[in-house]
Amino acid sequence: GVKPKESKVDVLIVGAGPAGLMAAAWMAHCGISARIVEKRNTKIFTGQADGLNSRTIEIFDSLGFSDRVWKESNHMQEICMWNPNAEGVIHRSDRIPDTVVGISRYQQCVLNQSRIERWFIDNIKKYSSQNNNNAISVERGILPESLVIDESNVEDDEAYPVTVALRTLTEEEATPVQAATASKSAASDGLFRSNLVQDDDEADLLRKSQSRPGTKEIVHAKYVIGCDGARSWTRRALGLELEGEATDYIWGVMDIIPITDFPDIRHRCAVHSAENGSLMVIPRENRLVRLYIQLKEVVPDASGRADRSKITPDLIFRAAQKILAPYKLDYEYCDWWTAYQIGQRVGNSYDVHNRVFLAGDAVHTHSPKAGQGMNVSMQDTFNLGWKVALVLKGICKREILATYQSERRRIAQDLIEFDHKFSRLFSGRPAKDLMDAEGIDMEEFKRAFMRGNMFASGMQVDYGPSDLVVKSGNWRELGDRSEKSAKLLTKAKIADDKFAKKQALATGIPVGKRLASVKVVSQADARPWHLQERLKSDGRFRIVLFAGKILSPQQKARVDRFCAKLDAPESFLRRITPADKAIDSVIDILTIHASPRKDTELLRDFPDILHPFDQHLGWDYTKVYADDVSYHEGFGNAYKNYGVDKEKGCVVVLRPDHYVAWVGDIDDFEDMESYFEGCMRLPAVSAAQDVGIVVETVSS
Ligand code: FAD
């Protein structure tokens with residue numbers, strides 16, 4: 001036959017769902033050579049996931065397309081709880097805010113997954129064309145057929161240790177087969193991607209296409225990211241597994257334009273009927289409403305799988321009508337429907353040799369009710385992508401890749417634990433009275449819902465100590481475990497005390513969590529900004545210098561000393577910045593001071609390194625901000641909200657994904673430097689000077 005084409009790529013991404021697209025977005029924004037292959041020949045058009053949590057929208061903003069989401073989506077404001085009254089008739093028992101008030105400048109939104117995929121594709125194209133000669137676009141109708149890791153090469157930075165054979169499918173092979181629809185409108189169904197379906201499987205497709213010559217390609221990759229969904233081929237190729245169990249609950253999902261007298265159809269609702277099961281109402285864009293309905297009639301067989309042929313839109317809809325009775329519910333238009341068997345599983349491992357990674361549904365599955373599938377999947381690769389990119393660029397040490405699993409697997413476990421509790425409360429029958437031990441206590445459900453909303457916002461993510469996050473360890477657990485830990489314990493306690501002192505400098509900036517946003521005012525032009533708007537996802541670490549009252553001579557002397565160290569030829573900043581690149585190309589420095597803006601002068605009061613000069617472009621006016629009032633958008637009270645002392649200030653290091661990495665005192669330069677020593681591949685001091693990495697500073 002024809003010898004297959006061979007090629008090399010830094011990163012190969014398998015699967016172009018939300019997780020794969022987020023991974024590709026990082027590569028595009030960081031200028032990394034990458035390919036993304038997808039077995040389907042078309043993108044999805046309707047249905048699938050729809051909930052976007054606050055953190056996800058913040059991430060979209062950092063990539064540059066949150067405005068499109070914000071305009072087009074439906075914004076969730078309130079959740080109504082409906083329960084049976086004493087007569088067993090459903091009534092509204094409570095209203096709570098949908099997004100926990102004050103946790104983000106964005107609230108939960110809902111929008112079709114296909115729109116989100118569209119924006120990703122546009123964004124990836126734009127940034128990859130800008131940052132690299134080869135624009136990254138989704139290569140469709142392509143299926144990987146083998147994956148081999150050369151174990152002798154996995155620690156070699158120059159090597160391409162992963163070999164993947166790809167096969168191009170025919171048009172017909174790459175088009176999903178639709179189940180026959182008996183619904184009122186010819187809605188497309190999502191069963192082909194559902195866990196209830198076993199056909200159209202990779203093995204089958206490969207068997208069919210192997211007869212055709214010349215459609216194969218051998219790709220040598222430095223890294224592979226498997227984002228190929230719940231039935232992940234990559235996961236199976238690696239011999240990894242999901243652990244956990246499927247529950248018996250089967251859920252139907254329908255996107256319809258409802259015709260109803262149910263008063264809360266434009267609110268998110270959790271409805272528990274007395275005897276007919278539960279339903280979730282999600283009001284959507286374009287008059288659509290999504291209904292999640294528990295299907296009591298469909299019971300899994302002995303093998304744990306339900307009979308898919310029994311599931312029709314009419315069956316799902318009849319169940320919904322029963323739950324909402326005595327209110328009437330009908331529809332003329334159905335946009336999409338699917339059915340789901342809820343399984344809660346998490347991958348036993350997220351990577352092999354930190355060369356091949358799994359992300360998204362490929363490593364965790366759970367029910368759709370908390371609206372977390374798409375969010376957590378994208379947040380997985382938002383965590384991983386920059387790490388891979390910075391290791392490839394030689395900026396970060398390969399060791400940091402281990403933090404992907406340590407940080408994200410815990411999130412998936414928490415999610416599954418939460419989902420487990422929540423599913424039980426949601427799917428159970430409401431208690432008739434206090435003595436009804438079998439039933440679900442509706443107050444408990446409400447409390448779980450409120451806690452769930454905090455969890456579901458994505459704001460509770462709190463990464464543990466590692467090379468990338470400097471905080472105290474969990475020494476209490478250590479202490480419980482063994483006798484020989486006495487020494488460790490003492491050490492850990494000292495570290496703990498030291499950390500507590502540092503954290504006290506910025507009580508509102510917890511290390512390990514994402515930096516919350518407040519408004520600050522640009523020193524150069526008085527424009528108010530949300531600080532998060534200045535944290536673009538461009539692969540740069542950031543130092544946020546809370547310079548305090550810069551007009552106080554004593555404080556200014558401290559800031560000057562700090563900046564002199566930063567600016568010195570042997571500083572980590574100078575060493576890590578390539579000679580031909582701008583001084584802010586690897587680490588960006590933002591300053592927020594606490595003196596009155598009108599009395600302060602950018603060029604007079606701040607050392608050059610805080611607003612660097614470029615021969616061709618002049619001073620940088622985008623880096624220094626005042627914690628002061630703005631003309632039109634009020635006062636952000638940054639120091640107060642962040643719990644930072646206005647006299648003393650402090651310094652905060654942010655990772656490229658905006659999680660807080662380190663907090664310390666302005667005089668604590670060496671400790672901050674050791675953070676960068678820990679995670680970056682800093683050239684040795686003398687070597688840096690010998691090879692002339694030192695960039696001339698232009699003095700004003
Ligand atoms: P996916 O979105 O599954 O993307 C995986 C991609 O990889 C797909 O495009 C697939 O075609 C491709 N692929 C698979 N195998 C290969 C291969 N061998 N080679 C190349 N490409 C491959 N979440 C909610 O929050 N609400 C919902 O209502 C909801 N409904 C859902 C309905 C269905 C039927 C399904 C399957 C999921 C639903 N989810 C829902 C979950 C949500 O869609 C997922 O959590 C989310 O899409 C996960 O993103 P992902 O990128 O990890 O995986």
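**View 1. Pro326 sits in the loop between α7 and β17.** Welcome to this predicted model; we start at a bend in the backbone. Ala325 and Pro326 are joined by a cis peptide bond, with omega at about 10°. Another residue to find here is Tyr327, which belongs to the loop between α7 (313-324) and β17 (329-347). The ring of Tyr327 pairs with that of Phe262 in an edge-to-face arrangement, with 5.5 Å centre to centre and 75° between the planes. Phe262 comes from the loop between β13 (242-260) and β14 (268-272), and the two partners are 65 residues apart. Is each partner buried or exposed? Phe262 counts as buried at 3% relative accessibility, while Tyr327 is partly exposed at 25%.

**View 2. Trp26 and Phe382 make a stacked aromatic pair.** The model contains 23 aromatic pairs by the rule used here, and this view shows one of them. The ring centres of Trp26 and Phe382 are 5.1 Å apart, and their planes meet at 25°. Planes under 30 degrees apart count as stacked, so the 25° between Trp26 and Phe382 puts the pair in that group. Which helices does the pair link? Trp26 is in α1 (residues 18-30) and Phe382 in α8 (residues 373-392), 356 residues apart along the chain. Trp26 is buried, with a relative accessible area of 0%, and Phe382 is buried too, at 2%.

**View 3. Seven aromatic residues form one cluster: Trp386, Phe541, Phe562, Phe572, Phe669, Tyr675 and Phe676.** To follow this view, begin at Trp386 and look for the other members of the cluster, among them Phe562 and Tyr675.

**View 4. Two arginines lie over aromatic faces.** Arg355 is placed over the face of Tyr223, at 4.6 Å from the ring centre. Elsewhere in the model, Arg527 lies over the face of Trp529, and here the distance to the ring centre is 3.9 Å.

**View 5. Helix α12 has a buried side and an exposed face.** This helix runs over residues 486-503, 18 residues in total. From its first C-alpha to its last, α12 reaches 25 Å, close to the 26 Å expected at 1.5 Å a residue. Which residues of α12 are buried? They are Ala492, Asp496, Phe499, Lys502 and Gln503. These five cover an arc of only 120° around the axis, so they sit on the same side of α12. On the face turned away from that buried side, you will find the exposed residues Lys487, Lys491, Ile494 and Lys501.

**View 6. Arg409 and Glu243 form a salt bridge between a helix and a strand.** Side chains of opposite charge can pair when their charged atoms come close. A search of the whole structure gives 50 salt bridges. In the one shown here, the closest N and O atoms of Arg409 and Glu243 are 4.0 Å apart. Arg409 belongs to helix α9 (residues 402-427) and Glu243 to strand β13, so the bridge ties together parts that are 166 residues apart in sequence. Arg409 is buried, at 18% relative accessible area, whereas Glu243 is partly exposed, at 41%.

**View 7. Arg542 and Asp588 meet in a salt bridge between two strands.** The N to O distance in this pair is 3.1 Å. Arg542 lies in strand β23 (residues 541-548) and Asp588 in strand β24 (residues 587-593), 46 residues apart. Both residues are buried. Arg542 and Asp588 also belong to a network of salt bridges that share partners, together with Asp538, Arg540, Asp584, Asp620 and Lys623.

**View 8. Arg558 and Asp665 form a salt bridge between a helix and a loop.** Their closest N and O atoms are 2.9 Å apart. Arg558 is part of helix α13 (residues 553-567), and Asp665 is in the loop between β29 and α17 (669-679), 107 residues apart. Arg558 is buried at 13% relative accessible area, and Asp665 is buried at 17%.

**View 9. Arg287 and His658 each have a positive phi without being a glycine.** For Arg287, phi is about 65°, and the residue lies in the loop between β15 (278-283) and β16 (289-294). For His658, phi is about 75°, and its place is in the loop between β28 (650-654) and β29 (660-664). Which of the two is buried and which is exposed? Arg287 is exposed, with a relative accessible area of 67%, whereas His658 is buried, at 5%.

Terms used
Residues numbered from 1 in each chain as written. Predicted model: local features only at pLDDT ≥ 70, side-chain atom pairs only at ≥ 80, totals over all residues. Heavy atoms only, no water. Helix = DSSP H or I, 4+ residues; strand = E, 2+ residues; numbered from the N terminus. Expected span 1.5 Å × (residues − 1). Buried < 20%, exposed > 50% of the residue type's maximum accessible area, 1.4 Å probe, protein only. Arc of directions from axis to C-beta. Phe/Tyr/Trp six-rings, centres within 6.5 Å; stacked < 30°, edge-to-face > 60°. Lys NZ or Arg CZ within 6 Å of the ring centre and 35° of its normal. Salt bridge = Lys/Arg side-chain N within 4 Å of Asp/Glu carboxyl O.
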